[in-house]
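Grab a coffee and open the viewer. Here are some short exercises to work through, each with a solution you can follow step by step.

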Amino acid sequence: MKGIMKYLALIMVTIFLFAGCAKEPTEDINSAKAAVDTVKSEDAQKYVPEDVKNVNDTMQAAEDEIKVQKDKLFKDYSKAKELLAKAKADAEALNTNLAAKKEEVKNNATAAQESAKYSIEEAKGLLEQAPKGKGSMADIEAFKADLKGLEDSLVEVQAAMDSSDYNAAIEKANAIKEKATAISDQVKAAMEKVGELK
Amino acid sequence: MIKKTIIKILIFSLVIFLTGCRDKQIPPELQMVEKQEINLWRSGAQIYAPVEYSSYKISFGNVKELLIKEKSRFAWFQDYQKVQSELRNILIEGNLLQNIISDNKKNMNDKVFNEISLAKNRIDTIKGLTEMINEGRLARKNLIKAELLLSEAIIRYNNNDYNTAEKKLNNLSGFIKASENAILPILNRYSDRNHIKKWQKMVEETIAQSKKMGIPAIIVNKSERTLVLYKSGVPAWTYIVGIGRNGSLDKQRAGDNSTPEGKYRIIKKKSESRYHKALLLNYPNEEDRKNFILAKKNGLIPAKSGIGGLIEIHGGGKNSMTYGCIAMDNSKIDHVFNIVSVGTPVTIVGAVDYNNKLSSAIEGL
């Protein structure tokens, strides 16, 4: 009996030694979660969706690993810690890249917006110079209507800029510029035609 | 004795460590499913097969739970057979899902392509109509917005972003409808059989008069933009002409820029005009005055508006858009000017054929 008790005590000590050594890496979890939470923005989804998925997948893998270790008799959080560190580092890198990428796209959008505005102003200027003769009056009004439609659409470009949807802003601004330039060309052609009539 | 016990502890610990702490190998299918899941995501599963992808993710999540449970066990008791079997099922589910995504993408591609073609055709048709009837304000303003959205939709389509392309195409249909609404009231007259019958009768009477009296007569067809000069009831010369900015409408009042429809005659020949040479017509005639009074009475025109006048056939170029007059090239007006005289009948109609340019164009809408 004394012998059995001795062995049981030994087993208890051994279990205590192995199981008690590893503690859940709460600090690592919290700091990784805080970093990962910052990439859950709409912007990140818009500009670097694959990077967001990678970060989330790594975090999920870390959480799964923690779950595994939690229920284990002999806990070992080293792999979970590695994954948490990776998720944190990737999230931080993503944020740095995102900021740079957003800034770049924002600058492109601003340039496209200005270019679209300039194209409309150029077309309007040409219309002002066009002779208001009987023959060209209807053409001028038609072009004015076209430009009014394009000017209205500039509001949508600004709205896209305001909501940080810079790609949509670029898309619309470029389309406006294209149409405004086409109008300028038509106005020039109409002016030449009127010139011929005189 | 103590030494023996310590040795026993060490041996016992070692045995436990070597056998109990070394996990069994995770089924290789796990990595395959993980890779498959990323590929499905990259293929746009969340867009093109959201329900199936969600079901796939749930299945994968359940297997992961099962895996976690097994991994948590003491190595001696770990059994991944069920996990492996489930993972294989998921791989099959994923392959089927990939096929669904491909099919749905192809369908979307075809659908959006057709929608782009339809929208482009409709825009081109309406644009053509606005040019034919000189309707350049409300219709054009909406039309250019539709054109912008079409350009954006095409960019999205080319980038395989069919969902956004379709949203943009849906948005542009409102602008197309608004454009149509702006031009249809003008165009509908040209497919109205009663209107056309009335115009045909006017033309027949004018030609008969020309034939009977052996005099020249002029027929202006607004839908065809032609002026036909008849000699003794026989069409002798046909010219292309320009009409009023709102020339497709019948003139109702001063300043509406419409070209009047009716039977007129030349009341003055102006050899010196701002527009080279001009033939002044007797607009408004008796019927115009009746219609003007009726339109005013019915509130169709502003109460203070005047009936207008000084409608001419003049030079200045066939491509001109006028305040309501009929414009032609200077060399052509020279010729007409020499043949006609004061009193020559001039009949202006919208169309003489049931299938005229404008009625055919409406069918394209």
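## Exercise 1: a hairpin at the sheet's edge

In chain B, β2(B) and β3(B) run antiparallel and are joined by six bridges. Keep in mind that this is a predicted model.

**Task.** Find which residue stands opposite Thr226(B) in β3(B), then look at the turn that links β2(B) and β3(B).

**Solution.**
- Step 1: start at Thr226(B) and look across to the partner strand, where you'll meet Ile240(B).
- Step 2: follow the chain round the turn. Two residues sit between β2(B) and β3(B), and the strands form a hairpin.
- Step 3: check the backbone in that turn. Ser232(B) has a positive phi of about 50 degrees.
- Step 4: zoom out to the whole sheet. It's an open one with eight strands and mixed pairing, in the order β3-β2-β1-β8-β4-β5-β6-β7 (chain B). At its edges are β3 (234-240) and β7 (326-327) of chain B, each pairing on one side only.

## Exercise 2: another strand pair, and the helices on the sheet

**Task.** Work out how β4 of chain B runs relative to β5(B), and which strands helix α8 of chain B lies across.

**Solution.**
- Step 1: take β4 (residues 262-273) of chain B. Five bridges tie this strand to β5(B), and the two run antiparallel.
- Step 2: pick one facing pair as a landmark. Lys268(B) is opposite Leu280(B) in β5(B).
- Step 3: now add the helices. Helix α10 (residues 330-339) of chain B packs on the sheet and touches β1, β2, β3, β4, β5 and β6 of chain B. The direction of α10 makes about 50 degrees with that of β5(B).
- Step 4: go to helix α8 (residues 193-213) of chain B. This helix lies across β1, β2, β4 and β8 (345-349) of chain B, at about 160 degrees to β8(B).

## Exercise 3: unusual backbone spots

**Task.** Three places in chain B deserve a backbone check: Arg225(B), Leu310(B) and the bond from Tyr283(B) to Pro284(B). Say where each sits, and whether each of the two positive-phi residues is buried or exposed.

**Solution.**
- Step 1: recall the background. Most residues other than glycine have a negative phi, and most peptide bonds are trans.
- Step 2: Arg225(B) isn't a glycine, yet its phi is near 55 degrees. You'll find Arg225(B) in the loop between β1 (216-221) and β2 (226-231) of chain B. Its relative accessibility is 19%, so with a cut-off of under 20% Arg225(B) counts as buried.
- Step 3: Leu310(B) also has a positive phi, about 55 degrees. Its loop runs between α9 and β6 (312-314) of chain B. With a relative accessible area of 62%, Leu310(B) is exposed, because the cut-off for that is over 50%.
- Step 4: the peptide bond from Tyr283(B) to Pro284(B) is cis, with omega near 0 degrees. Pro284(B) belongs to the loop between β5 (276-281) and α9 (286-297) of chain B.

## Exercise 4: rings and charges

**Task.** Classify the ring pair of Phe74(B) and Trp76(B), then find which charged residues lie over the faces of Phe60(B) and Tyr354(B).

**Solution.**
- Step 1: count the aromatic pairs over all chains: there are eight.
- Step 2: for Phe74(B) and Trp76(B), the ring centres are 4.6 Å apart and the planes meet at 85 degrees, so call the pair edge-to-face. Phe74(B) is buried at 17% relative accessible area, whereas Trp76(B) is partly exposed at 46%.
- Step 3: look for a ring cluster. Tyr48(B), Phe113(B), Tyr157(B) and Tyr162(B) are linked into one by ring pairs.
- Step 4: turn to the charges. Lys64(B) is over the face of Phe60(B), 4.8 Å from the ring centre. Over the face of Tyr354(B) you'll see Arg193(B), at 3.9 Å from the ring centre.

## Exercise 5: over to chain A

**Task.** Describe the make-up of chain A, then list what Thr58(A) touches beyond its sequence neighbours.

**Solution.**
- Step 1: chain A has seven helices and zero strands.
- Step 2: of the 198 residues in chain A, 39% are buried.
- Step 3: Thr58(A) sits in helix α4 (residues 49-70) of chain A and is buried, at 11% relative accessible area.
- Step 4: leaving out residues up to four places away in sequence, Thr58(A) touches Leu83(A), Lys86(A), Ala87(A) and Asp90(A).

Definitions and conventions. Residues are numbered from 1 along each chain as its sequence is written. Chains are lettered from A and ligands numbered from 1 in the order in which they are written. This is a predicted model: local features need pLDDT of at least 70, side-chain atom pairs count only at pLDDT 80 or more; totals for chains, interfaces and linings use all residues. Side-chain values use heavy atoms; hydrogens and water are left out. Helices (H or I, at least four residues) and strands (E, at least two) are DSSP runs, numbered from the N terminus. Buried means under 20% relative accessible area, exposed over 50%, partly exposed in between (1.4 Å probe, protein chains only). Two strands pair if DSSP finds at least two bridges between them. Contact means heavy atoms within 4.5 Å. Axes are lines fitted to C-alpha atoms, for helices over the stretch in contact, and angles run from 0 to 180 degrees between N-to-C directions. Rings of Phe, Tyr and Trp (its six-membered ring) pair if their centres lie within 6.5 Å; planes under 30 degrees apart count as stacked, over 60 as edge-to-face and the rest as tilted. A charge sits over a ring if NZ of Lys or CZ of Arg is within 6 Å of the ring centre and within 35 degrees of the ring normal.
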